[in-house]
Amino acid sequence: MKFIISSTTLFSHLQAISRVINSKNSLPILDCFLMELQDGTLSITASDNDNTLCTSIEVNEYEGDGRFAVSSKTLLEALKEISEQPLSFEINMNNLEITVRYQNGKYNLMGQNADEYPQVQELGDNAVQIMMGADILMNGINRSIFATADDELRPVMNGIYFDLTQEDITLVASDGHKLVRCKTYAAHSDEKAAFILPKKPATLLKNLLPKEQGDVQIQFDDRNATFTMENYRMVCRLIEGRYPNYNSVIPQNPHKAIIDRASFISALRRVSVFSSQASSLIKLSLSENQMKISAQDIDFSTSAEETIACQYDSNPMSIGFKSSFLIEILNNISSLNIIIELADPSRAGVIVPEEQEENEDLLMLLMPMMLND
């Protein structure tokens, strides 16, 4: 079997799907790429048994069809240093010896039997199908992935919850301290359905989607989901279980402050340097049209405070938050001003952009920390 392919095209596709491969695999064959040539199309697959990424490339010239597996690390390292040029692959299908010829030299390596490679799980007959714009899906994942948990006892919290209705699609993530609810009206489902996407496939999508245009086809059943893009296809195992009722934890807070997001982040970064390393506690004290941000570390006798202007006309109040969580939330909102909605020092603070993006409703929630005074 022979084929000729562009070196940079092959390398970029291999690099994109190689992120799915674990550094240690239960099956040695999972250290490999599975390659299959059929009618001039080279299909390449990488997998860690739970998640599988596939891509296909049209080759320039070819002779024969076949499939083989080849070490991902060896191939990536070998192609990394080759500039744009045609590569000629020759595979002896009897002993799986692979010869790769390029401008000034050649590589010889051994392939492995493709039949050992695990089969991709097929979806059941009850699979639900929806379409989402690549940019909308990327936006939702980018906004919510930071709030997912790493909780062995509650695995349902370790992924992004997709809540589909006939009006909208909502992506939710929470680790018990912070919560993100990103609702988009630019996509919907024909029926009410839901699934929980684990963190690893969500991260893989986050890396693939910037290169994609058009719509992403999402199909899922009780156990697996398939994301079909223009250049890539991902099959992943879903987290099984019931996601908590996220709407029930979002309070209706009466006190609202409107603050310039960039100056708020800068002040938080400066003041948080002086907070206790154990808790990262910062205190926000709101009074008429101003907010005082303060922190102290009693162990080292250090403290800081800074006052910034804001729009606020309710009762004076103080609330404590973990500074790193608050900065993370503000970094994942893109509007110029944000609105902080508060009720009292013991209830969660709700943070929303002053101006929502088109067809979007973004809400972030942060649990408070107890203040000592």
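# Exercises on a predicted protein model

Of the 373 residues in the protein, buried residues make up 51%. The model is a predicted one. Its secondary structure comes to six helices and 25 strands, and along the principal axes the C-alpha trace spans about 80 × 50 × 35 Å. Among contacts between residues at least 6 apart in sequence, 66% join residues at least 24 apart.

## Exercise 1. The packing of H5 and H6

Determine how helix H5 and helix H6 are oriented towards each other, and describe the residues at their contact.

*Solution.*

Step 1. Two packed helices are described by the angle between their axes and the distance between the axes.

Step 2. For H5 (residues 261-272) and H6 (residues 323-331), the packing angle is about 155° and the axes lie 10 Å apart.

Step 3. An angle over 145 degrees counts as roughly antiparallel. H5 and H6 are therefore roughly antiparallel to each other.

Step 4. The handedness of the crossing of H5 and H6 is left-handed.

Step 5. H5 contributes Arg261, Phe264, Ile265, Leu268, Arg269 and Ser272, which meet Ser323, Leu326, Ile327, Leu330 and Asn331 of H6. Sorted by class, this contact of H5 with H6 has six nonpolar, three polar and two charged residues.

## Exercise 2. The buried face of H2

Establish where the buried residues of helix H2 fall around its axis, and what they pack against.

*Solution.*

Step 1. Helix H2 covers residues 72-80, and its buried residues are Ser72, Leu75, Leu76, Ala78 and Leu79.

Step 2. Viewed down the axis of H2, the buried residues lie within an arc of 165°, so they line one face of the helix.

Step 3. A general property of helices helps in reading such a pattern. An α-helix has 3.6 residues a turn, so residues three or four places apart point the same way.

Step 4. The partners of the buried residues of H2 are helix H1 (7-18), strand S2 (32-38), strand S6 (66-71), strand S7 (86-92) and strand S9 (105-110).

## Exercise 3. The packing of H1 and H2

Classify the arrangement of H1 and H2 from the angle between them, and list the residues that meet.

*Solution.*

Step 1. H1 and H2 pack with their axes 10 Å apart, at an angle of about 140°. That makes H1 oblique to H2, because only angles over 145 degrees count as roughly antiparallel.

Step 2. The crossing in which H1 passes H2 is left-handed.

Step 3. From H1, the residues Leu10, Phe11, Leu14, Gln15 and Ser18 meet Leu75, Leu76, Leu79 and Lys80 of H2. By class, the contact of H1 with H2 has six nonpolar, two polar and one charged residues.

## Exercise 4. Two loop residues with positive phi

Describe the location, accessibility and backbone of asparagine 289 and of serine 301.

*Solution.*

Step 1. Asparagine 289 belongs to the loop between strand S19 (281-287) and strand S20 (290-297). Serine 301 lies in the loop between S20 and strand S21 (302-309).

Step 2. Asparagine 289 has 41% relative accessibility and counts as partly exposed. Serine 301, with a relative accessible area of 69%, is exposed.

Step 3. Most residues other than glycine have a negative phi. Asparagine 289 is not a glycine, yet has a positive phi of about 55°. Serine 301, although not a glycine, has a positive phi of about 50°.

Step 4. Not counting residues up to four places away in sequence, asparagine 289 touches Ala309, Cys310, Gln311 and Tyr312. The C-alpha atoms of asparagine 289 and arginine 347 are 22 Å apart in space, with their positions 58 residues apart in sequence.

## Exercise 5. Buried or exposed in a loop?

Decide whether glycine 111 is buried or exposed, and do likewise for aspartate 190.

*Solution.*

Step 1. Glycine 111 is found in the loop between S9 and strand S10 (128-133), and aspartate 190 in the loop between strand S13 (178-184) and strand S14 (193-198).

Step 2. Buried means under 20% relative accessible area, and exposed means over 50%. Glycine 111 has a relative accessible area of 13% and is buried. For aspartate 190 the relative accessible area is 63%, and this residue is exposed.

Step 3. Leaving aside neighbours within four places in sequence, glycine 111 is in contact with Ala69, Leu96 and Ile98. Glycine 111 and asparagine 95 are 16 residues apart along the chain, and their C-alpha atoms are separated by 8.3 Å.

Step 4. Aspartate 190 and glutamine 15 are 175 residues apart in sequence and, C-alpha to C-alpha, 36 Å apart in space.

Terms used:
Residues numbered from 1 in each chain as written. Predicted model: local features only at pLDDT ≥ 70, side-chain atom pairs only at ≥ 80, totals over all residues. Heavy atoms only, no water. Axes fitted to C-alpha atoms, helices over the stretch in contact; angles between N-to-C directions. Helix = DSSP H or I, 4+ residues; strand = E, 2+ residues; numbered from the N terminus. Parallel < 35°, antiparallel > 145°, perpendicular 65-115°, else oblique. Left-handed = near helix turned anticlockwise from the far one by under 90°. Contact = heavy atoms within 4.5 Å. Nonpolar A, V, L, I, M, F, W, Y, C, P; charged D, E, K, R; others polar. Buried < 20%, exposed > 50% of the residue type's maximum accessible area, 1.4 Å probe, protein only. Arc of directions from axis to C-beta.
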